[in-house]
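The exercises below concern a two-part reading of one model: its packing and its strand order. Work each task from the coordinates before reading the solution.

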Amino acid sequence: MEDLSVVVSILYQFGTNGAFLLLCALGLIVILGMMNIINLAHGELMMMGAYTASLAYQAGFPFPIAVVISFFVVGVFGAVLERLVVRRFYGRELGALVVTWGISLLLSQGTFLVLGPFLPSIPIPGGAIDVGQYSLSVYWLILIAVSAGAVLGLAWLYNRTEFGLHARATMQNAEMARALGVNTDRVYMLTFSLGAGLAGFSGALLAPTASIMPFMGQQFVAPAFITVVVGGASNVIAGAVGSSVLLSLVRTPVGFYLGAFLGLVALLLAALVIIRLMPNGVSAYFQRWSDRRSRPTV
Amino acid sequence: MNGAGTYLATRDLAKRFGGIVATEQVSLDIAEGELRCIIGPNGAGKSTLFALLCGIHRPDSGRIFIKEQDVTSLPSFRRVRLGVGLTFQTNRAFHDLNVRQNLEVPMGATGSATHSRSARSEDRYRYALSVFGLDGLRETPARELPHHQLQWLEIAMVLSGGPDILLLDEPTAGMSPEETTQTARVLQHLNDDGLTIVVVEHDIAFVRQVAQRVTVLHQGSVFAEGSIDEITAHDDVRRIYLGQA
């Protein structure tokens, strides 16, 4: 029984670590992975999601509705941001990096000035399940399922819908997409808006697990970038799933036996090693492997 | 087939880049069902004219009409939705998509309320798929196709949007003579079927195979216009374009 509960607890830790990385990365998969914009305001978009959820929750909305509201509020904000600012920086990665950094400062400092140093936190929904001496949070189990569902939904949108096809065509070659009748301005705006909305959605989901403060976004930025970059651009969704699994496989046992801090150190070291060994990310490695398999051997 | 009405027209198109005149006073009338080649030496303004027709560049002055509608200020995707199909000189099929997905991009884009593929354009599209040998390659990633087949894929992609007119910029660049001949045959067949085609082309051998009428650009203006025989017999054209005295 003792052994079994250790196994369950490690699996649970593995799941929560992976879900945390995926949730952090969700919006960035779209904005960095697909649109190739180094969006340093990603954490602040997540913060906006958490703020929206907290305000909606205080206004009396049930928490799941508050999460949906956050998705749409931050998504609309993203669309406006794309129209006014971001679209001027396509193809200029360093320009986009600086301008999104500026936006992140405006958002966090602006929130601090307008709404003060913190908002009331949202109580963690759901209770706990006891397994031996360990206690598993029901909410985190839900987050594991939701993060998996969100990634599957994103993959479906990207691979199976007309919007996804037009988005992929536009990101590969906008001029050719326009020459085939695609309204690329609209595709860019909707894609950025989707990425921002997903960041807001993740921020709202993670809000009950964090303190809701203007600078809370910073804790999400590093895991988000690490997950997307380690995943690579060949197949950004599969890459992010692969990298969050790999990184959690390293972080979980180290964290379990040596403490959370060393677990985080192990995650960063693992990211360094993986990028050194697979410079184009986990997904490029998968891609080569599946290309080799699909090609008939002569 | 000619004389059925003007499909594409330009009036006094002019475009400068800095102090350099790229095109000046270019007026063209392309009739419905015509197959027109636009030729000229390097720097004659062919690519600029093509970019103006596509909507990649805006002219400094002059106007462009499609079916008598002024499209001068319309972005390229709107012109495409009016029934214009474009391919560029450099190959631009989407390498990370497979053949089927490449062909589906324009379907959804142009198959909107404003323009849908008629039975006739469906036939043209099917014809191109089979004659270009793309039918059996639907799940192949575009990046694995050889060069000439990528160019053929691009023509098939454009046909999948169901256009009434094709604008092609050097569709046979980099092809072998056999592939060029095959491409010429396909374009001729499509034209016999009633599709209006405008080809900007450098390869005179290809032009001889397809063109009914040829427009010669020189120094940004229309220098001569006529049948391929008239054009090749024209002394000044031989001098500036064919490099013969």
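A nonpolar core is a set of buried Ala, Val, Leu, Ile, Met, Phe, Trp, Tyr and Cys residues joined through C-beta atoms within 7 Å. A residue is buried if 20 or more other C-beta atoms lie within 10 Å of its own, and exposed if 12 or fewer do. The model is predicted, and side-chain atom pairs count only at pLDDT 80 or more.

**Exercise 1. The core**

Task: find the residues with the most contacts inside the largest nonpolar core, and the helix that gives the largest share of this core.

Solution. Step 1: the largest nonpolar core has 150 residues, and those with the most contacts inside it are A:Ala25, A:Ile29, A:Ala50, B:Ala156 and B:Leu167. Step 2: helix H1 of chain A, residues 2-34, gives the largest share of this core with 14 residues. Step 3: take A:Ala25 and set aside its neighbours within four places in sequence; the contacts of A:Ala25 are then A:Ala224, A:Thr227, A:Val228, A:Ala240 and A:Ser244.

**Exercise 2. Two helices and one exposed residue**

Task: compare the span of helix H2 of chain A with the expected value, and decide whether A:Leu4 is buried or exposed.

Solution. Step 1: helix H2 of chain A covers residues 42-58, 17 residues in number, and reaches 24 Å from its first C-alpha to its last, close to the 24 Å expected at 1.5 Å a residue. Step 2: H2(A) is mostly covered, with 15 of its 17 residues buried. Step 3: just after H2(A), A:Gly60 has a positive phi of about 105°. Step 4: A:Leu4 is in helix H1 of chain A. A:Leu4 counts as exposed because it has 10 C-beta neighbours inside 10 Å, and the cut-off for exposed is 12 or fewer. Step 5: the C-alpha atoms of A:Leu4 and A:Gly132 are 8.4 Å from each other, although the two residues are 128 apart along the chain.

**Exercise 3. The chain contact**

Task: describe the side of chain A that touches chain B.

Solution. Step 1: chain A gives 16 residues to the contact and chain B gives 21 residues. Step 2: helix H6 (162-172) and helix H7 (174-179) of chain A each supply at least two residues of this side of chain A. Step 3: H6(A) provides the largest share, six residues. Step 4: by kind, the residues on the chain A side are seven nonpolar, five polar and four charged.

**Exercise 4. The antiparallel sheet of chain B**

Task: give the order of the four strands and place the helix that lies across E1, E2 and E4 of chain B.

Solution. Step 1: the order in this open sheet is E2-E1-E4-E5 of chain B, and the pairing is antiparallel. Step 2: strand E2 (20-31) and strand E5 (69-70) of chain B are the edge strands, each pairing on one side only. Step 3: strand E1 (residues 6-17) and strand E4 (residues 61-66) of chain B are joined by five bridges; B:Ala9 stands opposite B:Phe65 in E4(B). Step 4: helix H1 of chain B, residues 46-54, lies across E1, E2 and E4 of chain B and runs at about 60° to E2(B). H1(B) is largely enclosed by the rest of the structure, because eight of its nine residues are buried. Just after H1(B), B:Gly55 takes a positive phi of about 95°.

**Exercise 5. The mixed sheet of chain B**

Task: give the order of the six strands and the sense of pairing.

Solution. Step 1: the order is E6-E7-E8-E3-E9-E10 of chain B, an open sheet with mixed pairing. Step 2: E6 and strand E10 (221-227) of chain B each have a single partner strand, so one side of each is left without a neighbour in the sheet. Step 3: neighbouring strands of this sheet are turned by 15° against each other on average, direction ignored. Step 4: E6(B) and E7(B) pair in the parallel sense over four bridges, with B:Val84 opposite B:Ile165 in E7(B). Step 5: both faces of strand E6 of chain B are covered, with B:Val84 and B:Leu86 buried on one side and B:Gly85 and B:Thr87 on the other.

**Exercise 6. Positive phi outside glycine**

Task: locate B:Asp12 and B:Glu170 and state the burial of each.

Solution. Step 1: most residues other than glycine have a negative phi. Step 2: B:Asp12, in strand E1 of chain B, has phi near 50°; B:Asp12 is partly exposed, with 13 other C-beta atoms within 10 Å. Step 3: B:Glu170, in the loop between strand E7 (165-169) and helix H6 (177-192) of chain B, has a positive phi of about 45°. B:Glu170 is buried, with 21 other C-beta atoms within 10 Å.

How values were computed. Residues numbered from 1 in each chain as written. Chains lettered and ligands numbered in written order. Predicted model: local features only at pLDDT ≥ 70, side-chain atom pairs only at ≥ 80, totals over all residues. Contact = placed C-beta atoms within 7 Å. Expected span 1.5 Å × (residues − 1). Nonpolar A, V, L, I, M, F, W, Y, C, P; charged D, E, K, R; others polar. Pairing = 2+ DSSP bridges. Axes fitted to C-alpha atoms, helices over the stretch in contact; angles between N-to-C directions.
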